[in-house]
Amino acid sequence: MKDRVELYDTTLRDGTQMEGISLSVDDKLKIARRMDELGVHYIEGGYPGSNPKDIEFFARMSEMNLKNACLAAFGSTRKAGGRADTDPNLKALIAANTPVVTIVAKAHDRHVTHVLETTLEENLSMIGDSVRHLKEGGRTVFLDAEHFFDGFEANRDYALQCLKTAATGGADCVVLCDTNGGTITSRISEIVRSVVKEVPCEVGIHTHNGADVAVAGSLAAVEAGATHVQGAANGYGDMCGNANLFSIIANHKAGLHAAAVAKEEWSYQHVEPERVGNTNRFLISELAGIGNVVRKLHERGIEVSLEQARSIRDHIKEKEALGWQYEGAEASFEMLVRRMLGDYKPPFEIASHKVTIEPGRQIDPRTGEREYIAAVRMTVMVRKNDREWKGHADHEGVGPVDALDKALRAAIVGQYPGIASLRLTDFKVHIIDSHHSTEAVTRVLIESAAGEFSWWTVGTSPNIIEASLMALVDSYEYWFLQFQK
Ligand SMILES: [Zn+2]
């Protein structure tokens, strides 16, 4: 048995099944990088072959150098009555070219006969064939035994047989899933203990939060001999969520006490913030202390007195009441401070802007679906000292932020040709519930990059164009500070 506990992050697969979570490929890549930096051992990326987004994700991940983690592709065993070597799902798993493949299998007899609608014997063959096929392909193979705990209560022998078949086929770890999240902690301990005695490979745990004890169940399983723990960032996940991987890491001192501490240096005294991913992260919010504001600005090369820090903090408080948020938009935070301190001279000012959006409509003759092709026209007047420059953008089929960016760029590129190196790389819109009952506030976050350097800015307004313009202007001015001094 392994002498360490391996952490397996399923944020990008199980976590994204949570209502309200939808991640772009770029989001997924960023999360993977953060999870890798946090030091998890495995990152489950999704179902290759299930949709274009995941196909793109696996292709782009193959170019990313992970420092700590191994990437896992997720799928299921071969279909009932089929063959492993021609199974499209297994083919897609191999094609994803990840070092690890995790396949889900049924381990509850009634689920086999009533949901899968096949025989108990065929389900065992599906497990054995699939594991062997993936091992022949050179993969590390984990088997997620779905509804394992309920299956164990219903038919202990069959549930164990599923695991043993996987182990015999060469599985590196069998992962006991409490899919409905209803198994109480003491029962998880007992069951894991007996599985560890009977199954000749590593045993893992995957809990859900149906009874709000997913983390407790994971820790209990580790105490009972599990060496592999699956969870998701912040407990995101299907139904009531997965086990919160951050809490599990934070609880190593209690749960993993004597059994298996992942790394010796992990503190028994308290949890270092780095262990739960909080390295260098400072929450710029109304709750931030004055001392934190001073320290944070010092890191950015700005020295302020306690008095100044207090007024900055108070100003942030006022802005947050209007729906602003500077967490995650530190470049805007810096711009806010520089403007407040008084000796800052902006490289340009927006004198005026005009936006027209003309909705077009056409109907796809094939599907009858309506498509809206908007023509966006933007004019921006930019002023510096007494001179003004005009920028215009006239675009079909692009969003207003893109058109706004093009118009702004056109206005200033003559004065500042270097601005061409600034790229907009990501864009998020949050509609904030209204503080006043009649209008919602839109918060726009923009990520910009120049070379390897990237930064986030924010704008907030009831009007999305205004909010976007604020975030863009912050981004441009931040670029000037970094590259044009
Ligand atoms: Zn799950």
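**Exercise 1. Start at the zinc ion.** Asp-14 and His-208 are both buried; here buried means under 20% relative accessible area, exposed over 50%, and partly exposed in between (1.4 Å probe, protein chains only). Find which protein donors the zinc ion has, and how they are spaced in sequence.

*Solution.* Some ground rules come before the steps. This is a predicted model, where local features need pLDDT of at least 70, side-chain atom pairs count only at pLDDT 80 or more, and totals for chains, interfaces and linings use all residues. Residues are numbered from 1 along each chain as its sequence is written, and side-chain values use heavy atoms, with hydrogens and water left out.

Step 1. Donors are N, O and S atoms within 2.8 Å of the metal (3.2 Å for Na, K and Ca); water is not among the atoms, so sites may look incomplete.

Step 2. Asp-14 (OD), His-206 (NE2) and His-208 (NE2) are the protein donors, 1.9 to 2.1 Å from the zinc ion.

Step 3. Their spacing reads D-x191-H-x1-H. Asp-14 sits in the loop between strand E1 (6-9) and helix H1 (25-38), and His-208 in the loop between strand E7 (202-207) and helix H9 (214-223), so this pair ties together parts 194 residues apart in sequence. Helices (H or I, at least four residues) and strands (E, at least two) are DSSP runs, numbered from the N terminus.

**Exercise 2. Place one salt bridge.** Work out where Asp-129 and Arg-78 lie, and whether each is buried or partly exposed.

*Solution.* Step 1. A salt bridge is a side-chain nitrogen of Lys or Arg within 4 Å of a carboxyl oxygen of Asp or Glu. In this pair the closest N and O atoms are 3.0 Å apart.

Step 2. Asp-129 belongs to helix H5 (residues 120-136), and Arg-78 to the loop between strand E3 (70-76) and helix H3 (88-95), so the bridge links parts 51 residues apart in sequence.

Step 3. Asp-129 is partly exposed at 25% relative accessibility. Arg-78 is buried at 3%.

**Exercise 3. Widen the search.** How many salt bridges does the whole structure hold, and which residues join Arg-300 in one network?

*Solution.* Step 1. The search finds 31 salt bridges.

Step 2. Arg-300 pairs with Glu-334, with 2.4 Å between the closest N and O atoms. Arg-300 is partly exposed at 23%, whereas Glu-334 is buried at 3%.

Step 3. Another of the bridges joins Arg-383 and Glu-388 at 3.9 Å, N to O. Separately, shared partners join Lys-296, Glu-299, Arg-300, Glu-330, Glu-334 and Arg-338 into one network.
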